[in-house]
Each structure stands twice: as C-alpha cells, then as structure tokens.
Amino acid sequence: MPIPPQPAVAQFDGGCVFIDGAYAPLSEAKISLFDWGFTRSDATYDVASVWNGAFFRLDAHMERFFASLQSLRLQIPYTRDELRLILHGCVRAGGLKEAYVAMVCTRGVPPRGARDPRLAQNRFYAYALPYVWIAPRDKQLSGIDLFISERQRIGPESVDPRVKNYHWIDLVQSMFDAYERGHDTSCVVDAHGHVTEGPGFNVFVVRGGVVHTADRGVLEGVSRRTAIELCQRLGILLRIAPVPAADVRSADEVFLTSTGGGVLPIAKIDGQPVRQFPGPITARLHDAYWAMREEPAYRDPVDYQD
Ligand SMILES: Cc1ncc(COP(=O)(O)O)c(C=O)c1O
C-alpha cells in the first residue's frame, strides 16, 4: 500500500498517530469497539524509542514485530522499509527528540455476525508520544521497590510470551497487588515459582558477580538482549536460566530492562533493601546501555529538517 510523503516537522506537535493510512493528531487515535484487538486481545505490537533524536535498534524492534505478526497470522500492508518511514514520520510530525514509538496490528472487525477471524481485515496503527519511563524519575533515584506477586504469567503453552501481546490482566492485577502493599511495581512468576517479567520489563539479578535472567516464559526484550550483549562485551559472567523468586530476594543486585528506561536498578524487593543499590555491575551496564545508544551501528537518526 502506498504511504504518504513524510509529514511536516512538528505538524502534530507533541505526538502523532498513523491511522487509516495517514498521519493525524493523537485525538484521532481511535479504534472500533468491534475490533478483535479490543474484544479478544487479538493483536500484537512493538514499542521502540527515540533518544537524543535517534531510534535505538529499530531493526530489532521491527524484526520482532514482523515475527509476532507471522506467529499470530496477522498481516500489515507495508514492507519493512515502509514501516520504518511511517515510524520516522510519526516522530517527525510529533516534533519529538525523545519518544515512545508504537506499532500495532489488530485483527480488525469481522463482517457482522461472522466469528471467523480469517474474514477480518487486519488494521495497522502507529504512534509517537513523548518518551515514557517505566518508573518516574524521582522514584528511580530514591529507589524502586519491586513486589514479587504470586500471580502466574499466562503460560507460554497458551500465549507465546515472545510474541508481544496485550494479555496483561495478570500483569495489571500484580500491579494492584504491589500498590495495595505499598510497593512501586511488580513482577509475576511461572508455574514453578520462577520470576518471569513485569508490566513492561524483564528482570535481572546479580549473585556472586554473575548476572542471571530468565530463559523462558518471557518476552525477549530488546533491552534484555542489549544487556545480555553488553555482559558479553564487558566480560561479565551471565547465566540465562530460570530464576527462583528466592534468588531475587537474596540477590546482591537487581535490575530491570525496558525500552522505557534501559537498565534500571531496583532498591528493594518486597520492601526489603537489596544488598547493593545501585550495584556496581548494574551501574556499569546502565552506563554501557546509554553509551551504546549513541553508537552509529544502533542509531537511526530522525530527519527533523523540512
Ligand atoms: C511483558 C514485557 N516484558 C518485557 C518487556 C521489555 O521489552 P523491551 O526491552 O523490548 O522494551 C516489555 C516491553 O514492553 C513487556 O511488555
């Protein structure tokens, strides 16, 4: 499907959506009540970020998005190059130097009375908003308190967690579990009590100088992958294997990874101080993450010239 020319810089200052094949202000970001993306969570999405005027690892986000589409038998009418231009267009039109950039595909609306998903026309949306942190800045400094909820993430046998999805009732309810007990955010476990992930992030622990993160039951976050690659680069020992909740509670360091903040140290688990906050390995990975964002190989600069 042909895509429109790049919109003017800051045409929709503060945020822009791409909907029905055109750029529009955020107030136009609406979907049908009958879209299965809404009634069945039958959708996939991805979120990339722009910092200092450039996307970070946009190819990795688009690759994951196309893999998710294929897995759910969804289709968008754009090639990878067109998708890239659309995402750039949203950021440019939003006039944003630091942005949260989403691409979304929903099943769409089947003909009235039909219940066959093959009859629905899939819908594609994209949008750019000002950058969204996974935790407020003041909280990051004073120290995030992560609650390990007993809720289980929906099983990978039911919904493949590597396909980025909106099956978030478990995650959202775990946030309420955390708030009701006075904590800042939450993560959930699997059927064996291993920590999986939280609402928008992967979880890492450091024990005896070795970095650990879950090998299964989680979204393979682009920031998780970045932290893993940085461990390899920096010669930090790494173990990708199930992480029991007890190992998180007794870790030397704990950190989260997310597009909404990169590498973020955790100060408390269930209200109890983590041994080191921010720990030395977390601090190295944090700094290396932000330095990597500036490396030309991972940067895709937005054109802000009219
Ligand atoms: C459930 C879940 N896990 C992990 C992540 C982290 O992934 P990424 O590093 O690609 O942002 C996200 C991101 O939104 C997520 O939704």
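This passage walks through the domain layout, the interface between the domains, the ligand site and a few local backbone features. The model is a predicted one.

The protein chain splits into two parts, with domain 1 running over 16–131 and domain 2 over 137–292. Their C-alpha centres sit 26 Å apart. Contact between the two involves 19 residues from domain 1 and 21 from domain 2. Put together, domain 1 and domain 2 bury about 1800 Å², and carbon and sulfur atoms account for 57% of that. On the domain 1 side, the residues that lose the most area to domain 2 are Tyr-45, Arg-57 and Arg-64, which together make up 37% of what that side buries.

As for polar links, 7 residue pairs are in polar contact across the interface of domain 1 and domain 2, counting pairs with both residues at pLDDT 80 or more. On the domain 1 side, strand E3 (43–51) and helix H2 (58–71) each bring at least two residues to the surface that touches domain 2. E3 is the top contributor there, with 8 residues. Sorted by class, this side of domain 1 comes out at 10 nonpolar, 6 polar and 3 charged residues.

The interface also has 1 salt bridge by the rule used. Arg-57 pairs up with Glu-229 through a side-chain salt bridge, at 2.9 Å from N to O. Arg-57 has already come up as one of the residues of domain 1 that lose the most area to domain 2, and its backbone is worth a look too: phi is positive, about 50°, even though Arg-57 is not a glycine. Most residues other than glycine have a negative phi. This arginine is placed in the loop between strand E4 (54–56) and H2.

Turning to the ligand, 15 residues surround it, and the ones that come nearest are Lys-164, Glu-197, Val-222, Ser-223 and Thr-259. Several side chains put polar atoms close by. For Ser-223, a polar side-chain atom is 2.6 Å from a ligand oxygen. Glu-197 places a polar side-chain atom 2.8 Å from a nitrogen atom of the ligand. Arg-64, too, has a polar side-chain atom 3.0 Å from an oxygen atom of the ligand. Arg-64 thus shows up in two settings, since it is also among the domain 1 residues losing the most area to domain 2.

Across the whole structure there are 18 salt bridges. One of them joins Arg-107 to Asp-42, with the closest N and O atoms 2.6 Å apart. Arg-107 belongs to the loop between strand E5 (99–106) and strand E6 (123–130), while Asp-42 belongs to the loop between helix H1 (36–39) and E3, so this pair ties together parts that are 65 residues apart in sequence.

One more backbone feature turns up towards the end of the numbering given for domain 2, 137–292. The peptide bond leading from Phe-277 into Pro-278 is cis, with omega near -20°. Most peptide bonds are trans. Pro-278 itself is part of the loop that lies between strand E15 (272–273) and helix H8 (280–292).

Notes. Residues are numbered from 1 along each chain as its sequence is written. This is a predicted model: local features need pLDDT of at least 70, side-chain atom pairs count only at pLDDT 80 or more; totals for chains, interfaces and linings use all residues. Side-chain values use heavy atoms; hydrogens and water are left out. Domain bounds come from an automatic or database domain assignment. Contact means heavy atoms within 4.5 Å. Buried area is the accessible area (1.4 Å probe) that two parts lose on being put together, summed over both. A salt bridge is a side-chain nitrogen of Lys or Arg within 4 Å of a carboxyl oxygen of Asp or Glu. A polar contact is a pair of N or O atoms within 3.5 Å; within protein, one must be able to donate a hydrogen and the other to accept it, and residues adjacent in sequence count only if both atoms are side-chain atoms. Helices (H or I, at least four residues) and strands (E, at least two) are DSSP runs, numbered from the N terminus. Ala, Val, Leu, Ile, Met, Phe, Trp, Tyr, Cys and Pro count as nonpolar, Asp, Glu, Lys and Arg as charged, and the others, Gly among them, as polar. A residue is near a molecule or strand if one of its heavy atoms lies within 4 Å of it.
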